[in-house]
Amino acid sequence: MINLHAKFANSLPEFFGKNSIIAGRLSNRYSFTGVATVKITIPQTVPLTDYRRSGTNRYGDPQEIQDTVQELTLSRDRSFALTVDKGNNTEQGMMKSAGRILRLQMQQRCIPESDKYTMERLAMLGGSIVAITSAPTKTTIADLVSDGTAALDDAEVPEQNRTLYVTPDIYKLLKHSPLYVDNNTLGRRAVLKGQVGEYDNMPVIKVSAKRFPENVFFLIVHKDAACAPQTISETKLHKDPPGISGNLMEGRFRYDCFVFEPTACGIYVAVNAAAGHGTVCRAPAVDAKTGVITPEEGDSAWYTTDGSDPRYSASAQSGTTPEVKAGDTVRAYSKKAGAFPSPVVTVTVAGAATA
C-alpha cells in the first residue's frame, strides 16, 4: 500500500482553493483539526439603564452574565473508491495516472458537492431570508440587491468582506446596472475563484446551477457569518490488492457548513417565491401572556427560553407550549420540509406560567 496523502499534500489544498467558489470566503476562526465537534459559548449582554445619582446600585441592578451554547458538529463524511487496471497503465505511469484521477475526482465530484452543500446551508440558515414574488428584471435587480445591503447595514454588519453570490441569470441582469464594475476595470485582483466583477463594493461570484441552492436568486454573505471546515482525511493507493490487477484508490473527506448565531445577520437570502417555486414559512404567533406558540398549519415550531436564537442554539426545542413564567423570553420560528424557515419572533411573557 502507498499512502498518497503525503505525496499530494502540497498540491491538493491549492487545487481545491482554485476550484471551489466558497473556499477562503468564510471564517476560519475555529479549527476542527482532530475533532468532530466545536462548541461556541455566546455571552448574552444586558440592556443599558439610566444612571442613578443617589442610593445603592447607581449603575443599575447587577445581572449575572448568561451564556448560550452553539454546537458545530461535522455531519458529512464522504468517500470514494476507484481502480486503475494494470492493463491500462504501465508500471512507470501508475503514480502519474493516480494523481490525475485524484484531481479529476476532486474537480468533478468532491468540490461541486461540497460547494453545493455549503451554499444550501447558507441559504437555509441565513439570518434574513426574504421572499421575492416577482422575477427580477434589469430595472428591479439593483433595488433588490440594495434591499439586501440595507438589511446588513441596519444590522451593523461591516461593509468589508461581503460577497454577492448570483445565478448566471441574475448576473446577466446585474451587469447592466451602473453600479456593476467588471473584471476588466478591476484588473488582476478580481481574477479569483469565480469572481466576475464587483457590485456595490462587493465581489460578485457567479455560481452555476449545479452548485447554487434551488429557488434562490442571490445571497449576500459576510465572511464572519459562517464557516465551512473541509478536511481530506486520507487518500490511499493500494498496489495489486486482492482481486484486482492494478491499483485501487480510496479517498475519504469530511466537511460541513455552520452559520454563527451572533453574526447570522450577515447572510441575506433572496428566495424565488413566485408561483411554482420556493416558499418561506410565515413566522409563528407567540401569545404574550402564556408564551403559547401558534405556527401556520403544516409548519413545526421551534423555540428557546434562554434568549438564544432557536435556529442555531443547542437548547432549541420543538413544540408549542414552552414552560415559562412571567418575565421569560420566548424566541420561536417555523419550518417545514421543502420550504425556507421563517423569521424569529421574540416575545417577553407578561402573564402566568404555562406549567
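## Helix 4, its sheet and the aromatic pairs

Helix 4 has 14 residues, and the distance from its first C-alpha to its last is 20 Å, close to the 20 Å expected at 1.5 Å a residue. The model described here is a predicted one.

Helix 4, which covers residues 141-154, lies across strand 5, strand 6 (162-166), strand 8, strand 9 (202-206), strand 10 (216-222) and strand 15 (267-272), and it runs at about 30° to strand 10. Which residues of helix 4 are buried? They are Ile141, Ala142, Leu144, Val145, Gly148, Thr149 and Leu152. Just after helix 4, the backbone at Glu156 takes a positive phi of about 60°.

Strands of a sheet pair through backbone hydrogen bonds, and they do this either parallel or antiparallel. In this model, an open sheet of 7 strands has the order 5-15-10-6-9-8-7, and its pairing is mixed. Strand 5 (128-132) and strand 7 (180-182) stand at the edges with a single partner strand each, so one side of each has no neighbour in the sheet. From one strand to the next, the twist averages 25°. At the edge formed by strand 7, 3 bridges join this strand to strand 8 (residues 195-199), and the two run antiparallel; Asp182 stands opposite Gly197 in strand 8.

The aromatic rings give another view of the structure. A pair of aromatic rings is described by the distance of the centres and the angle of the planes. A search of the whole structure finds 6 aromatic pairs, including the two in this table.

| Pair | Distance of centres | Angle of planes | Kind |
|---|---|---|---|
| Tyr30 and Phe260 | 5.3 Å | 70° | edge-to-face |
| Phe253 and Tyr255 | 5.6 Å | 15° | stacked |

The pair of Tyr30 and Phe260 links distant parts of the chain, 230 residues apart, since Tyr30 is in the loop between helix 2 (11-19) and strand 2 (37-44), while Phe260 is in the loop between strand 14 (258-259) and strand 15. Tyr30 is partly exposed, with a relative accessible area of 26%, whereas Phe260 is buried, with a relative accessible area of 3%.

In the stacked pair, Phe253 counts as buried at 10% relative accessibility, and Tyr255 counts as buried at 0%. These two residues also belong to one aromatic cluster, formed by Tyr117, Phe253 and Tyr255. Over the face of Tyr117 lies Arg76, at 4.8 Å from the ring centre. Elsewhere, Lys335 lies over the face of Trp302, at 4.6 Å from the ring centre.

Terms used
Residues numbered from 1 in each chain as written. Predicted model: local features only at pLDDT ≥ 70, side-chain atom pairs only at ≥ 80, totals over all residues. Heavy atoms only, no water. Pairing = 2+ DSSP bridges. Helix = DSSP H or I, 4+ residues; strand = E, 2+ residues; numbered from the N terminus. Axes fitted to C-alpha atoms, helices over the stretch in contact; angles between N-to-C directions. Contact = heavy atoms within 4.5 Å. Expected span 1.5 Å × (residues − 1). Buried < 20%, exposed > 50% of the residue type's maximum accessible area, 1.4 Å probe, protein only. Phe/Tyr/Trp six-rings, centres within 6.5 Å; stacked < 30°, edge-to-face > 60°. Lys NZ or Arg CZ within 6 Å of the ring centre and 35° of its normal.
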